[in-house]
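Open your viewer and get ready to click along. We will go from stop to stop, selecting a few residues each time and looking at what is there.

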Amino acid sequence: MRRIASRISVMTGEGALAVFSRAKELERQGHSIIHLELGEPDFHAAAPVVDAARDALAAGRDRYVSTRGIAPLRQAIAGYLARTRRLTVRPEQVLVAPGCKMALALAMMALIEPGDEVLYPEPGFPIYPSFTRGLGAVPVTFRLLEKNRFQPDLDEIASKITPKTRILIFNSPNNPTGTVFSDAALACVAELAAKHDLWVLADEIYARILFTGEYHSIHALPGMAERTVIIDGFSKSFAMTGWRLGYAVAPLEVVDAMDMLVLNTFTCAAEFTQVAAIEALQDSTNAVEAMVSEYRKRRDPFVAGLNRIPGFRCVPPDGAFYAWVNIEETGLPAEEVQTCLLEEAGVAGIAGAAFGPSGRNFLRFSLVSSRHVLEDALERMERVSSRWRAAIPR
Ligand code: PLP
């Protein structure tokens, strides 16, 4: 009988897209919708990056290129990581892919066997457990709870490591909580990884979007370079989501394995985007700093406003561009609050269960709209909060 492979039925998508479709439908019907559901910057690539892409295309840089990424880009990535994260990485350890998701998928395909256990953060990026299941492996959560300020509980992680645990994935700053893992947490994760001989997959896609301090990568800790795969790219930090450009930094044997997968699948990332990405990494117009400074100016009043809405509670995120809001006091399921906000207030956010079961009393809103739009969203939410205000204990 003709059939679809069973791996597909164990995989899941991303919650944001379902809300986005409904929001678009409401817009078509004439409703005004404020989109706070997607994780897509409202900025675009900096002008010199666009110019570099245009020049590259005009110069005929539209050919098949190295499966690992063009040498000058891999060199530029190594230099960029040295400058922004103080990492010592050789260009040979870099592999360029069309998007972080693809880099993540290649790394997971290269490292995970059926039956392996994969530790991942919950709430977290839903693709981690989905793709793990798709590979016939078993996703095992470690939770990021509000009572721990969304930092990992290292005892919980230790208790979940078994002889089948192969890899620990984490994302700092985390989507959706905005948590930047503390130095102590990074050191403990590193210690556990060394003790149990685990691979660590560090999804650093939001590493540049930090509201305080300097980014510390687990890769820099003693002994970690040999067991860490960094996933990063251009979508969030350089506001280049649709360019589809990401990369992995990994020990050479992992890069070789990923390279075999590239050869068997997409062959290479587009040449002209890679040429332009070199320009992005120069930070020649300080576009990243300007963008992060704008996110910060949005974060503070938006989080303060959310905390004024009856039944809502939000810890300011340390990084990324999301507000993760506890709505338990409303007495309503998050899905109902999500629907009420969308249908009655025209504000699109995502019910937190899309990021795992401990997100069930949360909503995620993105900070990717201008300050006045966020103010408007707050006013609209305040207005519909009359629906649940009476139920809130004083
Ligand atoms: N990792 C995390 C944690 C993300 O939030 C996202 C996008 O939302 C990705 C990876 C995917 O990035 P890209 O668009 O570069 O594939």
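Salt bridges make a good starting point: this predicted model holds 28 of them. To see one, select E343 and R22 and show their side chains. The two meet in a salt bridge, with 2.8 Å from N to O. Now colour the helices and find where each partner sits. E343 belongs to helix α12, residues 334-345, while R22 is part of helix α2, residues 15-28. The pair links distant parts of the chain, as its members are 321 residues apart.

Next, select the ligand. Which pocket does the ligand take up? The space it fills is the largest pocket. Show the residues around the ligand, and you should find 13 of them. The closest are D203, Y206, S235, K236 and R244. What kinds of residues make up this shell? It divides into five nonpolar, four polar and four charged residues.

Stay with the ligand and look at its oxygen atoms. Three side chains are worth picking out here:

- Select Y206: one of its polar side-chain atoms lies 2.7 Å from an oxygen atom of the ligand.
- Select K236: here a polar side-chain atom is 2.8 Å from a ligand oxygen.
- Select N175: an N or O atom in its side chain is 2.9 Å from an oxygen atom of the ligand.

Then try a surface view of the protein around the ligand. How much of the ligand does the protein bury? Taken alone, the ligand exposes 400 Å², and the protein buries 91% of that.

Keep N175 selected and move on to the backbone. The peptide bond from N175 to P176 is cis, with omega near 20°. P176 is found in the loop between β5 and α8. Now select S172 and P173. The peptide bond from S172 to P173 is also cis, with omega near -5°. P173 has its place in the loop between β5 (165-171) and α8 (183-195).

For the last stop, select T267. This residue lies in the loop between α9 (252-264) and α10 (271-282). What is the sign of phi at T267, positive or negative? T267 has a positive phi of about 70°, although it is not a glycine.

Definitions and conventions: Residues numbered from 1 in each chain as written. Predicted model: local features only at pLDDT ≥ 70, side-chain atom pairs only at ≥ 80, totals over all residues. Heavy atoms only, no water. Near = heavy atom within 4 Å. Polar contact = N/O pair within 3.5 Å; in protein donor to acceptor, adjacent residues only side chain to side chain. Areas by Shrake-Rupley, 256 points an atom, 1.4 Å probe, with all protein chains shown as cover. 1 Å grid on protein atoms, 1.4 Å probe; cavity = no way out; pocket = protein on both sides within 12 Å on 5 of 7 lines; lining within 4 Å. Sits in = over half its atoms within 2 Å of the grid points. Nonpolar A, V, L, I, M, F, W, Y, C, P; charged D, E, K, R; others polar. Salt bridge = Lys/Arg side-chain N within 4 Å of Asp/Glu carboxyl O. Helix = DSSP H or I, 4+ residues; strand = E, 2+ residues; numbered from the N terminus.
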